[in-house]
Amino acid sequence: IEKGAQVNRCGYGGKTAFSKACFSGHLGIAKLLANAGAKIHLTDQFGSGPLFWSVCAGHNAVVEWLLSQ
């Protein structure tokens, strides 16, 4: 991020680093990316976003944080 990484760049399936962090339960990384300008409501090629993926993976702390945003 400090070197200019594009925080909203999509990878395979249209997922961003933010979406992957939420799916993996990495709340600290998700917050870091959000503070760096990541769009927290972007969806992937299937129309699913970070909230959906964090719910599916059972990461309640991430879900609660996303709902508070």
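Which side chain does Asp44 meet in a salt bridge? The partner is Lys15, whose side-chain nitrogen lies 3.3 Å from the oxygen of Asp44. This is a predicted model, and the values in this report were computed from its atoms.

**Overall form**

The protein has four helices and zero strands, so that, in the DSSP assignment of helices and strands, the elements run α-α-α-α from the N terminus on. Its C-alpha trace spans about 30 × 25 × 20 Å along the principal axes. The radius of gyration is 11 Å, which agrees with the value near 11 Å that a compact globule of 69 residues would have. Of the contacts in the protein with a separation of 6 or more, 57% are accounted for by residues 24 or more positions apart. The protein exposes about 4500 Å², of which carbon and sulfur atoms supply 56%, while buried residues make up 32% of the 69 residues.

**The nonpolar core and a surface patch**

In soluble globular proteins, nonpolar side chains tend to be buried together. The largest nonpolar core in this model has 11 residues, namely Val7, Phe18, Ala21, Cys22, Ala30, Leu33, Ala38, Ile40, Val62, Trp65 and Leu66. The elements that give two or more residues to this core are H1, H2 and helix H4, the last of which covers residues 60–68. Ala21, one of the core residues, touches His26, Ile29, Ala30 and Leu33 when residues up to four places away in sequence are not counted; of these partners, Ala30 and Leu33 are listed in the core as well.

Ile29, which is also touched by Ala21, takes part in a nonpolar patch on the surface together with Ile1 and Leu32. The three residues of this patch have about 280 Å² of accessible area together. Ile1 is found in the segment before helix H1, which covers residues 17–24, and counts as partly exposed at 47% relative accessibility.

**The salt bridge and its surroundings**

A search of the whole structure finds one salt bridge, and that is the pair formed by Asp44 and Lys15. Asp44 lies in the loop between H2 and H3, whereas Lys15 lies in the segment before H1, so the pair ties together parts that are 29 residues apart in sequence. Which of these side chains belongs to a buried residue, and which to a partly exposed one? Asp44 counts as buried, because its relative accessibility is 7% and the limit for a buried residue is under 20%; Lys15, at 22%, counts as partly exposed.

Several residues of the segment before H1 can be described alongside this pair. Cys10 is found in that segment, and its C-alpha atom is separated by 8.3 Å from that of Asp44, although the two residues are 34 residues apart along the chain. Leaving out residues up to four places away in sequence, Cys10 touches Lys15 and Thr16. Arg9, also placed in the segment before H1, touches Lys15, Thr16 and Ala17 when counted in that way. The C-alpha atoms of Arg9 and Ser54, which are 45 residues apart along the chain, are separated by 19 Å.

Thr16 likewise has its place in the segment before H1. Leaving aside its neighbours within four places in sequence, Thr16 is in contact with Val7, Asn8, Arg9, Cys10 and Leu42. Among these partners, Val7 belongs to the largest nonpolar core. Leu42 is in contact with Ser48 too, and the other contacts of Ser48, beyond its neighbours within four places in sequence, are Thr43 and Trp53. Ser48 itself is placed in the loop between helix H2, residues 27–35, and helix H3, residues 50–56.

The table sets out the relative accessibility of four residues named in this section.

| Residue | Relative accessibility | Class |
|---|---|---|
| Arg9 | 60% | exposed |
| Cys10 | 46% | partly exposed |
| Thr16 | 4% | buried |
| Ser48 | 12% | buried |

Read together, these values place a buried Thr16 in contact with an exposed Arg9 and a partly exposed Cys10, both of which are among the contacts of Thr16.

Note on methods:
Residues numbered from 1 in each chain as written. Predicted model: local features only at pLDDT ≥ 70, side-chain atom pairs only at ≥ 80, totals over all residues. Heavy atoms only, no water. Patch = residues over 30% accessible without salt bridge, like charges linked within 9 Å, V, L, I, M, F, W, Y side chains within 5 Å. Areas by Shrake-Rupley, 256 points an atom, 1.4 Å probe, with all protein chains shown as cover. Salt bridge = Lys/Arg side-chain N within 4 Å of Asp/Glu carboxyl O. Buried < 20%, exposed > 50% of the residue type's maximum accessible area, 1.4 Å probe, protein only. Contact = heavy atoms within 4.5 Å. Core = buried A, V, L, I, M, F, W, Y, C linked by side-chain atoms within 4.5 Å. Rg over C-alpha atoms; globule rule 2.2 N^0.38 Å.
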